[in-house]
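Visitor: I am new to this. Could you walk me through a structure and give me the reasons behind the words you use?

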Amino acid sequence: MNSSEWQKSSFSEGSSNCVEVRALEGTIELRESDEGDVIVRSTHLKFATFLQGAKAGEFDHLTTNP
């Protein structure tokens, strides 16, 4: 991904309840679609490592309500 445009998951469909991501000036930026002023920045390597964990299911427990 080498775009300054925000991208969201196709699973979010038309919803504004999602996390958006973009690559900008050598970093990866994340924001919530409904809170666009709060941006978290990360390196490509750290983001790739996070995605590996997410794909492996390491954070699945965070997606359910207690």
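Guide: What follows is a round of questions and answers on this predicted model.

Visitor: Let us begin with the sheet. What makes E1 and E4 edge strands?

Guide: The sheet is open, and its 4 strands come in the order E1-E2-E3-E4. Strand E1 (7-8) and strand E4 (35-42) each have a single partner strand, so one side of each lacks a neighbour in the sheet. That puts both at the edges.

Visitor: How do you know that E1 pairs with E2?

Guide: Pairing needs at least two bridges between the strands. E1 and strand E2 (residues 19-24) are joined by 2 bridges, so they count as a pair. They run antiparallel. Take lysine 8: its bridge partner in E2 is glutamate 20. Helix H1 (residues 44-55) packs on this sheet and touches E2, strand E3 (27-32) and E4. The directions of H1 and E3 make an angle of about 55°.

Visitor: How do you know that the span of H1 agrees with its number of residues?

Guide: Count 1.5 Å a residue. The 12 residues of H1 should then span 16 Å. The end C-alpha atoms are 16 Å apart, so the two values agree. After H1 comes glycine 57, with a positive phi near 90°.

Visitor: Why is serine 42 called buried?

Guide: Buried means under 20% relative accessible area. Serine 42 has 18%, so the word fits. This residue is found in strand E4. Leaving aside neighbours within four places in sequence, serine 42 is in contact with Thr27, Ile28 and Phe47.

Visitor: Now the loop between E2 and E3. Is glutamate 25 buried or exposed?

Guide: Exposed means over 50%. Glutamate 25 has 78% relative accessibility, so it counts as exposed. Its place is in the loop between E2 and E3. Its phi is near 50°, a positive value in a residue other than glycine.

Visitor: And what about glycine 26, buried or exposed?

Guide: Glycine 26 is in the loop between E2 and E3. Its relative accessible area is 57%, over the 50% mark, so glycine 26 is exposed. Glycine 26 and serine 4 are 22 residues apart along the chain, and their C-alpha atoms are separated by 11 Å.

Visitor: On to charges. Why is the contact of glutamate 20 and arginine 31 called a salt bridge?

Guide: The side-chain nitrogen must be within 4 Å of the carboxyl oxygen. Here the N to O distance is 2.6 Å, so the pair qualifies. Glutamate 20 lies in strand E2 and arginine 31 in strand E3, so the bridge ties together parts 11 residues apart in sequence. Glutamate 20 is buried, at 12% relative accessible area.

Visitor: How many salt bridges does the rule give?

Guide: The count comes to 3. One of them joins glutamate 29 to arginine 22, with the closest N and O atoms 2.8 Å apart. Glutamate 29 is buried at 3%, and arginine 22 is buried at 15%.

Visitor: What makes Arg22, Glu29 and Arg41 one network?

Guide: Shared partners do. Glutamate 29 bridges to arginine 22. The side chain of glutamate 29 also meets that of arginine 41, at 2.9 Å from N to O. This pair links distant parts of the chain, arginine 41 in strand E4 and glutamate 29 in strand E3, 12 residues apart. Arginine 41 has a relative accessible area of 56%, so it is exposed.

Conventions:
Residues numbered from 1 in each chain as written. Predicted model: local features only at pLDDT ≥ 70, side-chain atom pairs only at ≥ 80, totals over all residues. Heavy atoms only, no water. Contact = heavy atoms within 4.5 Å. Axes fitted to C-alpha atoms, helices over the stretch in contact; angles between N-to-C directions. Expected span 1.5 Å × (residues − 1). Buried < 20%, exposed > 50% of the residue type's maximum accessible area, 1.4 Å probe, protein only.
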